[in-house]
Structure formats: C-alpha cells, structure tokens
Amino acid sequence: MRAYRTFKTAMRALRRNVMRAGLTTLGIVIGVAAVIAMMEIGNGSSLAIQHTIATMGAYNLMVFPGNSLLAGISTGMGGSMKLSPEDADAILTDCPAVAAAAPVVWARAQAVYNNLNWQPGTLYGTTPAFLEVRDWSEMAQGNGFTDRDVRNCSKVCVIGQTIVKMLFQDEPPIGKEIRLMNVTFKVVGVLRAKGANMMGSDQDDIILAPWTTIKYRVTAVSANATTSAAAASTASVLPSQVYPATQTSLYPVPSASQQADTPQPVRFANVNQIVVAARSGGEVKDAIEEITALLRERHHIRPDMPEDFTIRDMTEMVRTMSSTTELMTTLLLIVAAISLVVGGVGIMNIMLVSVTERTREIGLRMAVGAQSGDILHQFLMEAIVLCLIGGAIGIALGRATSVLVRLIKHWPTVVSPGAIIVAVAVSALVGVLFGFYPAWKASRLDPIDALRYE
Amino acid sequence: MREVCKTYHLGEMDLQVLKGVTLSVAKGELVALMGASGSGKSTLMNILGCLDRPSSGEYWLDGREISGASANERARLRNRLVGFVFQSFNLLARTSALDNVSMPLTYGEEYVHEADMKARATEMLRKVGLADRMDHQPSQLSGGQQQRVAIARSLINRPRLLLADEPTGNLDSHTSEEILEMFRTLNQSEGLTIILVTHDPQVAHHAKRIIHIRDGLIERGAESKKEEKPE
C-alpha cells in the first residue's frame, strides 16, 4: 500500500513538470534508440559484409586429385584421375557441414558466334550446384542449366558478362547458339557480373555447361582413349559411346591385339576438380575433415597411406571474414555501451538538478512527515518510471530509424530481439543506478536546511 | 492528561544557541514566541516542531518524552502531531489546492483511501473558506489564499500543535489580520494549540501569552498561568 502511494506521489510529481520529465526521458530515449538502431543497422551491415565475402568464395573448398607418378615423372597437382562426379554427390549427401558440391571438368576451346570468336578464360563443365557454391544462382538473364541437362548431355550453356560483350556485343544472347570445338551450345542464361577475383583474373570471362557435355562432346580426349577399353570390358553404356567424339584422335586407335597385350584399367569418368561450399565460415574446418574422411574411404586408402587428393580452402578470405565479423561486433558493442552511458548520465544530471531545484519541496514533504525512505523511494520511482517510458519510446524510435534507413538507403537491417531486451534491461538498470544517487542525496537532506533553501 | 508540556535544556558545545530554555505550553493555548533574529527563536521552533532534537534536556509533546527520538520517529510525530505554516507558504507548484492539502495524508501511518483523502481535503479547504478554489494552482491564488491553503494542509492530520513561523511575514496588513483572525477562531472553536513565531509585536499582540526569547534564554512568559511543570 505504501509502495502504491509512493508510486502515485511519484507519478503526480512527474506530471507536475512534464517538461523536466520529458527532458530526462529524452536522454534514455536517445540512448536506447541509438542502441537499437545501431544494433539493427550494424547487424544488417555485418551480415551483408559476410555475405559479400562469402560471395567472393570464402566458404569455398576445392578438392583436387593428387599427383600421379608416371615413369618417375610427377605430374603435379591434379595429375591423377581419381576424382569422380560420384565423389561430389557423396560429399554433398554424407558431409553435414557441406552446403553444396559440384564436380568441375576443365576445357579450353574457342567460342565462336557468327563472325566473332573468343577464347573464354574459363570453360567449365559442371552441374547447377556450381552456381550455388559460387553464390551465383541469381542470373542476369535467362536461367541456369538443370540436372536434367547434365544427365542428357544437353548442348546448353551459361555465359558470363565478358563473353556477352565479346561475342554478342549488342545482341541479346539468350537463345542464340555459340560453337565450341564445332559443337553448338544454346545460351540459356547470362551470369551476373562478378568482376575480377583477388588474383586479378576476370571471373566474368566464363562459359559454364553440363560437365557431361563438355567431357564427352567437347574435350572427349580422355573419353576417346578409354572408349575401346571400356567398351571391351564393361557392359555399361557411357555417354561417350552414345555420342562419338567430334575431335579426331591424336593417336592411332590401337588394334584388338594391341589392346589385349597392354590392358588398360577401366577408367571411370573423372573430373578435374570438385568445388564445395561449407555451410558457414565456422564450418569450413569441419567440412575439410569430413571430406577427407569420406574420400579416403571412397578411394580405399589405407590409414597409413597418403591421400590421393588435396583440399584447399580460402584461408586468407576466411581470416578476413572472421576478423571483419569480430570488428563489427566489437564496434557495435562499444557504440551501444557509449549510447547507454550517455543516456544514463543525462538521466543522472537532470535528476540531480531536479533534486537541487526541489529542495524546498523535499523539505516540506519531510516537515509534514515524510521519512527519508519515502523521499528515496519517490525519487527512485520517478527515475525508474522515466527510464521505462524512455525505454519504450526508445525501442519504437530505434525500430523506426532502422526501418527508415532500410526504406530510404536500402541498407540491410536485421531485427535483433537481443538488442531490444538488453536495451530495456539496461535502461531500467540505468534508471535505478543513476537514479539512486540523486534519490539518496534527496533523502539525506536535513528538513531544516531544505526548508530554508533558496 | 491532555496537556502539552515542554521543558528545555539545550546546551551547545561551541555555540550555545539555547542556554537552557524552560517553558511549557498547555493544550488549547495561543502563544506567540517573540525575539530578535539570532535570539535562538528559530532553533527553538525547530525543536518544538520535531525537526531538530535538543542536544540535552527533555521535550515532552502530548505526554511523551521525545528528545531522544530518531529521525524517522520524529517524521512520524510531525505527521501526526504537528502542523506547519511557513512564512513563504511552501506550496507545491503546479499542484491543485486540493492535492496540496491532501499531501500529508500520503505519509500517514495508516492508508487513507483516495476518496477519503479528497473528502478530508475538501472539508479542510471549506473550513478555511476556499471551497470554490479547490482546483486552483498556487500561482492562481493570492498570497492570503495561498496561506489559507497552507493552513488547511497543516490541519489535515488533526495535529495537537500548530506551528506558524512568521505566517504573516509575506502578507499585507489586511490579509494578515484575516489570517490571524483565523488562527484565533481555530484556537477558540477547536481548542487547537497554536504557537506563533514572529518578531512583529503587532502580530504577537493577537496571542493570549507572549514568550520573549533573547540570547537563548527565556526572558518573559515561560510559564502558563494554569500549568504545572513536570519533573
């Protein structure tokens, strides 16, 4: 009951000087609003930065086949033909830290359209998952090719902006056909511009096609060499047999007796590389471990033997990413802390001034029987009420600010319930802490002095 | 025994303001406390009003010896037994007369209901003749009216003792008359004990008894005619 009366007295006192109450509240309003707006805008920016770095491929892993030794000569990285598209599928299904995986077949070929020709910097045969891995799914025009295109060896391709410029100039490229090694490819999609990568090579100078098409219809070199052996020893029908290579063989076709004399192992369709995207920056390490374990098992490597593949991650980019994230988090924390301290000090100042200004009132209240506890509670209550009201207005204002920023500047913002809870809790705490000193000071006044105060 | 008795002995180590004051005021008296500034008049009034405690000696108020009471006990005593009227009115600004008057009730021992509070404050204001000014704020009232609000406030807890510190100091002579007349009426009709602190002989003249204080000692009027000193 006493508390309720004190509350009423406090409310009445606040209502008596709305201006002063408003000014006091303003401090905390601005503090809380600043915290929430900064947190939301900051979190949004932080996410956007992470996303940008991720787009550059920070989460990406590259799996290359290891080297192979042939008559004492090491082929160097990627020499062995141990990596298969099935490995890519297995990585995606069996490794929980992996978000996407795509096999890649390298090729070089002259691209021709009408009277223009161009050698693309990158000609990859892959699956649609490649775009997912490289965060490139959103097309500038048209669509990407599909898994069905991969199965069917469809002659379709997706081209980068540089290719569009070099081959098509002002023509719309969608639906047009370009030739690669005399195979016609229908352009189904145009990639978004990505610019140069960190090493300076143009990432838009690219043509992507289903890996089956590239492997069996364009390069076909390795396929050609294996065809006869494969045909002789396996019953399975590879696409390379259905679609004969268009390129003339560099070597004479071995006769049946030659093949019998030098039996070649049956080769599966190997790929040059598997690109993998981890689910997040933190899971890159897990992904490496999982892929290593999986591929060792799939390639039947004994525990004491070295791996026949290599996994590379973007160490530098991952480091950039984590340091950026850390930086943003620290920055936000500091800004939030400063805002709250500023708000709190504002409250304390006005409360202190208010105590001085209301000395006579305090003296009078004490003269008519208020105990020092009553005065303490009243001033504390006033501070808390102001802080809570300020907190509520601050939340609204902070949210409004971040929404405005999003609408006007098109900045990404992220609602952060944590920030709201912390801001309110801290504003209440600030109210008690910063309200306590003036309240205590008021309660310690001697009624005689207080009444005499001018 | 419904008598209000006071006995003083106050000695200060460094500065002896009151050098052993002994006086008594009976219930229902209207007393004026007179003295030049620096005579210890204010100190005496503070002790009388339980705002301060004597450093030595005894103070009996309403049959209780309270010179040893703690700050919070004295706050309760002030609330229950003493009403204050100040020279500068000391009303809460931007607060209606009604709220000003009912304010002491919020610090009372027992909980007083909102409606009850309002009824009592209304009654008090009516008693001081401000029934039509209940919702006015102090800034909308004249000096005399403000002082009457202050009197209503001092009476709301039905005190045993009303202490008026230069109640007419800020008022013109005509309104002073009115206020003093009101004190006299209250004293006569309700038997309220009133102590007027003043340096104005004109004001003191209204009282039935005048206590003169000088250099911390009672010069004249320490004993009431019908009162016997305890001890």
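## Chatting through chain B and its partner

Mentor: This is a predicted model, so let's start with the sheet: chain B has an open sheet of six strands with mixed pairing, in the order S4-S5-S6-S1-S7-S8.

Trainee: Which strands of chain B stand at the edges of that sheet?

Mentor: Look for strands with a single partner strand. One side of each such strand is left without a neighbour in the sheet, so the edges belong to strand S4 (82-85) and strand S8 (217-220) of chain B.

Trainee: By how many degrees are neighbouring strands of this sheet turned against each other on average?

Mentor: Direction is ignored for this one. On average, the turn between neighbours comes to 25 degrees.

Trainee: In what sense do strand S1 and strand S6 of chain B pair, and over how many bridges?

Mentor: Strand S1 covers residues 30-34 and strand S6 covers residues 193-198 of chain B. One link to find is B:Leu30, whose bridge partner in S6(B) is B:Ile194. The two strands pair in the parallel sense, over five bridges.

Trainee: Back at S4(B), which residue of S5(B) is the bridge partner of B:Val82?

Mentor: S4(B) and S5(B) run parallel, joined by four bridges. For B:Val82, the partner in S5(B) is B:Leu161.

Trainee: Are the faces of S4(B) covered or uncovered?

Mentor: In a regular strand the side chains alternate between the two faces of the sheet. Here B:Val82 and B:Phe84 are on one side, with B:Gly83 and B:Val85 on the other. Each of these residues is buried, and both faces are covered.

Trainee: Which helix of chain B lies across S1, S5 and S6?

Mentor: Look for a helix running at about 155 degrees to S6(B). The strand S5 it lies across is 161-165. The helix spans residues 173-190 of chain B, and its name is H6.

Trainee: For helix H5 of chain B, how far apart are the end C-alpha atoms?

Mentor: Helix H5 is residues 143-155, so there are 13 residues to work with. At 1.5 Å a residue they should span 18 Å. That agrees with the model, where the end C-alpha atoms are 19 Å apart.

Trainee: And how many residues of H5(B) are buried?

Mentor: Among the buried ones are B:Gln146, B:Val149, B:Ile151 and B:Leu155. The cover includes S4, helix H3 (97-102), helix H4 (114-127), S5 and H6 of chain B. H5(B) is mostly covered, and of its 13 residues the buried ones number ten.

Trainee: Zooming out, what percentage of the residues of chain B count as buried?

Mentor: Chain B has seven helices and eight strands. Out of its 231 residues, the buried share is 44%.

Trainee: Which helix gives the most to the largest nonpolar core?

Mentor: In soluble globular proteins, nonpolar side chains tend to be buried together. This core has 110 residues, and those touching the most other members include A:Val35, A:Ile36 and B:Leu196. B:Leu196 touches B:Leu33 and B:Phe183, among others. The top contributor, with twelve residues, is helix H2 (residues 18-55) of chain A.

Trainee: Last one: which element gives the most to the side of chain A that touches chain B?

Mentor: The contact takes 19 residues from chain A and 20 residues from chain B. On the chain A side, eight are nonpolar, five polar and six charged. Elements giving two or more residues include helix H1 (2-16) and helix H14 (372-409) of chain A. The most, five residues, come from H13(A).

Definitions and conventions:
Residues numbered from 1 in each chain as written. Chains lettered and ligands numbered in written order. Predicted model: local features only at pLDDT ≥ 70, side-chain atom pairs only at ≥ 80, totals over all residues. Contact = placed C-beta atoms within 7 Å. Nonpolar A, V, L, I, M, F, W, Y, C, P; charged D, E, K, R; others polar. Core = buried A, V, L, I, M, F, W, Y, C linked by C-beta atoms within 7 Å. Buried ≥ 20, exposed ≤ 12 C-beta atoms within 10 Å, placed from the backbone. Pairing = 2+ DSSP bridges. Axes fitted to C-alpha atoms, helices over the stretch in contact; angles between N-to-C directions. Expected span 1.5 Å × (residues − 1). Lists of a residue's contacts leave out its neighbours within four places in sequence.
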